[in-house]
Amino acid sequence: MGLLVDGKWQDKWYDTSSTGGKFKRQDSQFRSEISADDEVYQPESGRYHLYVSLACPWAHRTLIFRKLKKLEEHISVSVVSPEMLEHGWTFESFPGATEDHLFGAKYMHEIYTRMQADITTRVTVPVLWDKKTNTIVNNESAEIIRILNTAFNDLTGDDQDFYPEHLRAEIDDINAFVYDNINNGVYKAGFATQQDAYEEAVTALFDALDKVEQRLTSQRYLVGEQITEADWRLFTTLVRFDTVYVGHFKCNLKRIVDYPAIWGYLRDLYSVAGVAETVNQQHIKHHYYYSHDMINPTRVVPKGPEIDFTTPHNRGALK
Ligand SMILES: N[C@@H](CCC(=O)N[C@@H](CS)C(=O)NCC(=O)O)C(=O)O
């Protein structure tokens, strides 16, 4: 794992020495939109391409939106190998991964330097790429899912709205809470290099899960009766939790299966048509345990746990 400095790849892990052992996530660099009013990026079938990892919770959000918004025939996808080692994300062969369908690149960092030869950046997925201008439109999952939520509605005829106007304030509040304590909270716990930094993150994470459990005891979804982007943003962390975050990231005060409401909610979301196909537990487990050798130097990947996400959730009666 590493980053690009002036267009040159450097193999380097996250530096926590100046932050008291705390992991600080950097902001994504490319933040353009796609819309009929945009001067450059217009909604067009076949024009855009997603680069994803099936292991990555941020990229997973975009795959769920591509599926639910019926965009599979309009936006193509390349899937990196789950092994993220000295070259970062690669297109090495691995079951369920693909080649780089656009350029036949070996490494994901080549996609970033295609955009700008002397770029300085972390090389993250997801990336939404424009085949017409050969540029990265956006590499921030929170924004990519908003683009997919509306920009292509005229093409697909799908007008499901996961970020409806009247719920936006509440969704934004929940997103901020879930992002800081849960989505990024597991990483803060797992990548902490000092005891107090780890304990602070783990405590905040489980306090937040307790609050979510309470909320989901009396209501079906995070924001009332309909599924919103807030649910999909939480889902991608929950579906990885017992498989990797409990063990590998030491988020082990409880498992998700120990929270009756959250566990039912996770199965409820998993049962939505098309969603299970976006979940690849082999990539998830292999990526984390195999790639983070400062946490797991032997790279041995555990066999368990065995979890059945398809048992009935019985949440249909909740409002
Ligand atoms: N804010 C970004 C974060 C994406 C991200 O951190 N992706 C991880 C994979 S789970 C990655 O590519 N990490 C490589 C790195 O940090 O060098 C988003 O949500 O899109």
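The domain bounds used here come from an automatic or database domain assignment. Everything below refers to a predicted model.

**View A. Two domains and the gap between their centres.** The assignment splits the chain into domain 1 (2–156) and domain 2 (165–276). Their C-alpha centres sit 23 Å apart. Where the two meet, domain 1 puts in 15 residues and domain 2 puts in 17 residues.

**View B. The side of domain 1 that touches domain 2.** Two helices, H1 (57–68) and H3 (141–150), each bring at least two residues to this side. H1 is the top contributor, with six residues. Sorted by class, this side of domain 1 comes out as six nonpolar, five polar and four charged residues.

**View C. The largest nonpolar core.** Here we zoom in on a core of 80 residues. Val52, Val125, Ala189, Ile262 and Leu266 have the most contacts inside it. Helix H8 (residues 229–245) is its biggest donor, handing over nine residues. Domain 1 (2–156) and domain 2 (165–276) both feed residues into this core, so it lies between them. As a bit of background, nonpolar side chains tend to be buried together in soluble globular proteins.

**View D. Val125 and its surroundings.** Val125 is one of the residues with the most contacts inside the largest nonpolar core. Leaving out residues up to four places away in sequence, Val125 touches Tyr51, Val52, Ser53, Cys56, Ala59, Val80, Trp89 and Met108. The peptide bond running from Val125 to Pro126 is cis, with omega near 5°. Pro126 itself belongs to the loop between E5 and E6.

**View E. A three-stranded open sheet.** The strand order is E2-E1-E5, and the pairing is antiparallel. Strand E2 (8–11) and strand E5 (121–122) take the edges with a single partner strand each, so one side of each has no neighbour in the sheet. Strand E1 (residues 2–5) is joined to E5 by two bridges, and this pair runs antiparallel. If you want a landmark, look for Leu3, which stands opposite Arg122 in E5. In general, strands of a sheet pair through backbone hydrogen bonds, either parallel or antiparallel.

**View F. The buried residues of helix H3.** Ser141, Ile144, Ile145, Ile147, Leu148 and Asn149 are the buried residues of H3. They pack against a mix of elements: H1, strand E6 (127–130), strand E7 (135–138) and H8. H3 also turned up in View B, as one of the helices on the side of domain 1 that touches domain 2.

**View G. Lys250, a non-glycine with positive phi.** Lys250 isn't a glycine, yet its phi is positive, at about 60°. You'll find Lys250 in the loop between H8 and helix H9 (260–270). Lys250 has 16 C-beta neighbours inside 10 Å, so it counts as partly exposed.

**View H. The segment after helix H10 (281–291).** This stretch holds a couple of backbone features for anyone checking torsions. Arg299 sits in the segment after H10, and although Arg299 is not a glycine, its phi is positive, at about 60°. With 13 other C-beta atoms within 10 Å, Arg299 is partly exposed. Pro305 is also in the segment after helix H10 (281–291). The peptide bond joining Gly304 and Pro305 is cis, and its omega is about -5°.

Conventions: Residues are numbered from 1 along each chain as its sequence is written. This is a predicted model: local features need pLDDT of at least 70, side-chain atom pairs count only at pLDDT 80 or more; totals for chains, interfaces and linings use all residues. A nonpolar core is a set of buried Ala, Val, Leu, Ile, Met, Phe, Trp, Tyr and Cys residues joined through C-beta atoms within 7 Å. A residue is buried if 20 or more other C-beta atoms lie within 10 Å of its own, exposed if 12 or fewer, and partly exposed in between; C-beta atoms are placed from the backbone. Helices (H or I, at least four residues) and strands (E, at least two) are DSSP runs, numbered from the N terminus. Two residues are in contact if their C-beta atoms, placed from the backbone, lie within 7 Å. Ala, Val, Leu, Ile, Met, Phe, Trp, Tyr, Cys and Pro count as nonpolar, Asp, Glu, Lys and Arg as charged, and the others, Gly among them, as polar. Two strands pair if DSSP finds at least two bridges between them.
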